[in-house]
There are 2 protein chains.
Amino acid sequence: MSRAYNFSAGPAALPEPVLRQAQQEMLEWRAAGASIVELSHRGPEFMAVAAEAEADLRRLVGVPDDYAVLFVGGGATTQQALIALNFAAAGQPADYVVTGHWGRTALRQAAPYVDLRIAASGEAEGFRDVPARADWRLSEDAAYVHITANETIHGVEFREAPDVGEVPLFADFSSSIASEPLDIARYGVVYAGAQKNLGPVGIGVVIVRRELLERAGQPRADIFDYRLQLAADSMLNTPPSWNWYMLGLTVKWMLAEGGVEEFALRSAAKSELLYREIDGSSGFYRNDVAAAARSRMNVPFFLHDAALDAPFLAAAREAGLIGLKGHRVLGGMRASIYNAMPVEGVRALTDFMQEFRRRHG
Amino acid sequence: MSRAYNFSAGPAALPEPVLRQAQQEMLEWRAAGASIVELSHRGPEFMAVAAEAEADLRRLVGVPDDYAVLFVGGGATTQQALIALNFAAAGQPADYVVTGHWGRTALRQAAPYVDLRIAASGEAEGFRDVPARADWRLSEDAAYVHITANETIHGVEFREAPDVGEVPLFADFSSSIASEPLDIARYGVVYAGAQKNLGPVGIGVVIVRRELLERAGQPRADIFDYRLQLAADSMLNTPPSWNWYMLGLTVKWMLAEGGVEEFALRSAAKSELLYREIDGSSGFYRNDVAAAARSRMNVPFFLHDAALDAPFLAAAREAGLIGLKGHRVLGGMRASIYNAMPVEGVRALTDFMQEFRRRHG
């Protein structure tokens, strides 16, 4: 087949112009005599690429000057351990609001290091909503409050930053960063794996209010220390330089397309198209998430008869639509519609869903 | 310029056929409808790529069945912390033999977790040799003995595995893995960042004797737990899949070229050429490492007059030779001559060095 519409949840579709540029520069980056993946991370070429990626990311996401940006290898899950190590004293309380699978994962990374407190959880209701703010039980002495801004598997999204008072709010934005304007100042830490909205797999970013870096945290290896990483320009050890370069290309593409305001419009249009198709299918398709908490990025849905799952996936592939199989935790289907997914791709999906329903309804 | 001979220490030169294949597959991997960097790590395409890379790596390096192979993001420095967390009880002694900069780095990663013991160090002598085995002070109750098989900056290499008795030997092989036959059975853990001999930056491998995974280690986040990573096929979280794919291509190229026996011959030939040029230069060039400990991978050298450093680097670049600037820790020059560097590249370098010496001698 030629390039399909790829609804994979991450690694996910990249903008085709980004892939074409990477392809063109694969043997030699500019006149450097080598590919960017072969050049020293300390050399002038990569240092320029890295600095430009940071400047562009700051512009795209709107990162205030009193926030540092770290580029990290190892993915968002690693950061879920490192935020505890860097910002909580050993055994200090930390409040977690759990709205899906990744919030639960965050608990397991922090558990050895903090007095873990579940301030609220949607688990008993099957993660179909964000627990009402009034019902959260926050601790006054918490090191931070942690939320998962968008749950990639359960398709539950915070539509605004909750007010948590004086305790800093930490948020995993892996699957929704740069999809709409974000008021970073409302957060102490925003972190994200890049492989959904920011670029390729294998790199992540941590945006942290600088004053938080004055916290002592707890004993940890140098390589786990955000302050040392910041002092070393995120190059305490060899960074994933090709991934960083690809992130830079993707961010530049997003800026050229109109930035987060434009992607907010597109995300709204794409997700509305899809939810409308699901809700208007007379129960042939189903999404169980409360309307106000539905994710604009990840749309999990179920066919009314699970026996139709395999034929649905096979026919979708035939139609040039891939990556629709739901995560094994939930089953069913999932369409991830990040920034690199054009509206046309979602329209092709909803057209296909209508046609499939006509044939099997 | 067109593609130069790239002597960068890591990220380092990749085999051109590997880059060409990656270039060709950048828009679409086989008939998958997407690039490998865009496909789900849980999908059949990437799962096959990952499994094939492991099988090929096992064959290339000669990994016995009673050893597990983990593919890890985050680089070798991260593993220096994780080996302590996974294999030492909190505060248990661990013996370190320090033969250069990266051995020193290893200390800082383990320090918070073990009773750190420097069994031997070449630091007082400027890291010009491997301390004689007879002088090591090993602890009977150590969790492990750690060495850096090849020091990328100081150019000091263990030419054989030291006998450390019953305590398992852990070795950082980042810059020499797959450069010659390796008796894995002599080691408890062999770990390496891939960006030198194994492929691209942004991924590493940990080869571990399975019985060691029965050790309790000490409290740690799930994501830091080798047992959990192994149970999840190194996909406890989203792995750096493109980097893994590139590692696979590079390993396949090495197998096709003749495997580690062939690269041992090439490495011997390349390093001999270079050391002969240095030693025969009547002091114009200088390498201070004891002959028996000289690295076959990284050859640091100094010009007799540091004022010639900048002209040397500029003229080298003119001649299509890049990445020769020494690490800031040592200064001077460094030629890294990993598996992807052909003998012709080293010959071009020695020709250039002779010519430069004639002009400036």
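Trainee: Through which surface do the copies, chain A and chain B, meet?

Mentor: Start from contact, which means heavy atoms within 4.5 Å. Here, 100% of the interface residues of chain B are interface residues in chain A too, so the copies meet through the same surface. Keep in mind that this is a predicted model: local features need pLDDT of at least 70, side-chain atom pairs count only at pLDDT 80 or more, and totals for chains, interfaces and linings use all residues. Residues are numbered from 1 along each chain as its sequence is written, chains are lettered from A and ligands numbered from 1 in the order they are written, and side-chain values use heavy atoms, without hydrogens and water.

Trainee: What rotation superposes chain B on chain A?

Mentor: You fit the copies by least squares on C-alpha atoms of residues with pLDDT of at least 70 in both. The answer is 180°, with 0.0 Å of shift along the axis and an RMSD of 0.0 Å. That's the relation of a two-fold axis.

Trainee: And in what order do the 7 strands of the sheet in chain B come?

Mentor: Helices (H or I, at least four residues) and strands (E, at least two) are DSSP runs numbered from the N terminus, and two strands pair if DSSP finds at least two bridges between them. In chain B the order is 2-10-9-8-5-3-4, an open sheet with mixed pairing. Strand 2 (67–72) and strand 4 (115–121) are its edges, each pairing on one side only. Inside it, strand 3 (93–98) and strand 5 (145–148) of chain B run parallel over 2 bridges, with B:Tyr96 opposite B:His146.

Trainee: Which strands does helix 4 of chain B lie across?

Mentor: Helix 4 (101–110) lies across strands 3, 4 and 5 of chain B, at about 160° to strand 3. Such angles run from 0 to 180 degrees between N-to-C directions, along lines fitted to C-alpha atoms, for helices over the stretch in contact.

Trainee: Is A:Thr152 buried or exposed?

Mentor: Buried means under 20% relative accessible area and exposed over 50%, with partly exposed in between (1.4 Å probe, protein chains only). A:Thr152 has 5% relative accessibility, so it counts as buried. A:Thr152 sits in the loop between strand 6 (150–151) and strand 7 (156–157) of chain A. Leaving out residues up to four places away in sequence, its contacts include A:Trp102, A:Lys196 and A:Arg334.

Trainee: What does UniProt list for "binding site"?

Mentor: UniProt annotations may be inferred rather than shown by experiment. The unreviewed entry lists residues including A:Trp102, A:Thr152 and A:Asp172. The listed residues are spread over 163 residues of sequence and up to 29.9 Å between C-alpha atoms.
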